[in-house]
Amino acid sequence: KQWYQRRVRGFVSGSKDGTVRVWSRADGTWDHVLCNARQLLVPGRDAKEQIDILVVQWTCNEGAVLGSCSDTSIRMWDASNGTLLQSFLGHDDEVYFVQEHPLIRDILVSCGHDGHIITWSIQSGNALNTFLNVIEGEGRASVHEASFTPDGATLITVDANGHITIFGHEKLRDYVSVPEEQFFSTDYLTLIRDRFSNVLDEQTELPPHMVGPPYMVDQQGMA
């Protein structure tokens, strides 16, 4: 579910029944526009497959609604009448992030459990660029979240392994001094319970929120 950012009253919702609904309130009652995603779009999938809506997202001007579906497709509907405007086919697993570029209205970015980060042309529905998130020695890693900076010049993604990847135009030297591994010293400290079942830090025997401020360490615990 996501509320309007600019309009006074309303929100968009997605459901396991394969529908997206754009809700608005007028004269004390709620009404909705239905966007149907039950039609199977991805070749090779079971025609009887139940399509769920995984994520819904407004476009920047709130004139359209984006939805990622369990058949790995991404779809865009007109928010005013529910007409299907465009479909995006290219992922091979579920997509949990989809967002329009904050400034360039023809650009869309999606990422998901297949490890792909795809830049799309909204007008044509074609993929403009694809990046596969591969972890050395482990293979592809699911990308769970992403966000544009307000100026649209940088995209930051987070994967299932806790890695942050920055895409953009900044100069590389701006990041040379940034440690590749960043953990708080308290992230993996052992917790115990006292005789009253209160949770305590094992080393200090204090409640975790009362332990002193942590410092940054690498994966081996070295500062």
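**Exercise 1. Work out how strand 15 and strand 16 pair, and which residues face each other across them.**

Solution. Strand 15 and strand 16, the latter covering residues 154-159, pair in the antiparallel sense over 5 bridges, in what is a predicted model. The next step is to find individual partners: alanine 146 has threonine 157 of strand 16 as its bridge partner, and serine 147 stands opposite isoleucine 156 in strand 16. Last comes the connection, a hairpin with 5 residues between the strands, in which glycine 152 takes a positive phi near 75°.

**Exercise 2. Extend the pairing to strand 17, and establish the order of the strands in the sheet.**

Solution. Begin with strand 16 and strand 17, which run antiparallel and are joined by 5 bridges. Threonine 157 has threonine 165 as its bridge partner in strand 17, while on the side of strand 15 threonine 157 is the bridge partner of alanine 146. The hairpin formed by strand 16 and strand 17 has 4 residues between them, and glycine 162 in the turn has a positive phi of about 85°. Taken together, the strands make an open sheet of 3 strands in the order 15-16-17, with antiparallel pairing. The edge strands are strand 15 (143-148) and strand 17 (164-168), each of which pairs on one side only. Neighbouring strands of this sheet are turned by 20° against each other on average, with direction ignored.

**Exercise 3. Describe the hairpin of strand 3 and strand 4, including the residue with a positive phi.**

Solution. Strand 3 (residues 19-26) and strand 4 (residues 29-36) pair in the antiparallel sense over 8 bridges. Within this pairing, valine 22 has valine 33 of strand 4 as its bridge partner. There are 2 residues between the strands of the hairpin, and aspartate 27 takes a positive phi near 55°.

**Exercise 4. Decide whether asparagine 133 and glutamate 49 are buried, partly exposed or exposed.**

Solution. Asparagine 133 is found in the loop between strand 12 (127-132) and strand 13 (134-135). Because its relative accessible area is 6%, and buried means under 20%, asparagine 133 is buried. Leaving aside neighbours within four places in sequence, asparagine 133 is in contact with residues including Gly115, Arg140, Asp159 and Thr165; of these, Thr165 has already appeared as the bridge partner of threonine 157.

Glutamate 49 has its place in the loop between strand 4 and strand 5 (53-58). With a relative accessibility of 23%, glutamate 49 counts as partly exposed. The C-alpha atoms of glutamate 49 and aspartate 218, which are 169 residues apart along the chain, are separated by 45 Å.

**Exercise 5. Characterise the largest pocket and the second largest pocket by volume, lining and residue class.**

Solution. The largest pocket has a volume of about 940 Å³. Its lining consists of 21 residues, of which His163, Ile164, Thr165, Pro179 and Glu180 lie nearest its centre. Strand 17 contributes the largest share of this lining, with 5 residues. Sorted by class, the lining of the largest pocket has 8 nonpolar, 8 polar and 5 charged residues.

The second largest pocket has a volume of about 330 Å³ and is lined by 16 residues, of which Val109, Thr119, Phe148, Leu155 and Phe167 lie nearest its centre. At least two residues of its lining are supplied by each of strand 10 (107-112), strand 11 (116-121), strand 12, strand 16 and strand 17. By class, the lining of the second largest pocket divides into 9 nonpolar, 7 polar and no charged residues.

Key: Residues are numbered from 1 along each chain as its sequence is written. This is a predicted model: local features need pLDDT of at least 70, side-chain atom pairs count only at pLDDT 80 or more; totals for chains, interfaces and linings use all residues. Side-chain values use heavy atoms; hydrogens and water are left out. Two strands pair if DSSP finds at least two bridges between them. Axes are lines fitted to C-alpha atoms, for helices over the stretch in contact, and angles run from 0 to 180 degrees between N-to-C directions. Buried means under 20% relative accessible area, exposed over 50%, partly exposed in between (1.4 Å probe, protein chains only). Contact means heavy atoms within 4.5 Å. On a 1 Å grid over the protein atoms alone, a cavity is a set of points where a 1.4 Å probe fits but cannot get out, and a pocket is an open set with protein on both sides within 12 Å along at least five of seven lines; lining residues have an atom within 4 Å of a point. Grid points are joined across faces, edges and corners, and a volume is the space filled by probe spheres set on the points. Ala, Val, Leu, Ile, Met, Phe, Trp, Tyr, Cys and Pro count as nonpolar, Asp, Glu, Lys and Arg as charged, and the others, Gly among them, as polar.
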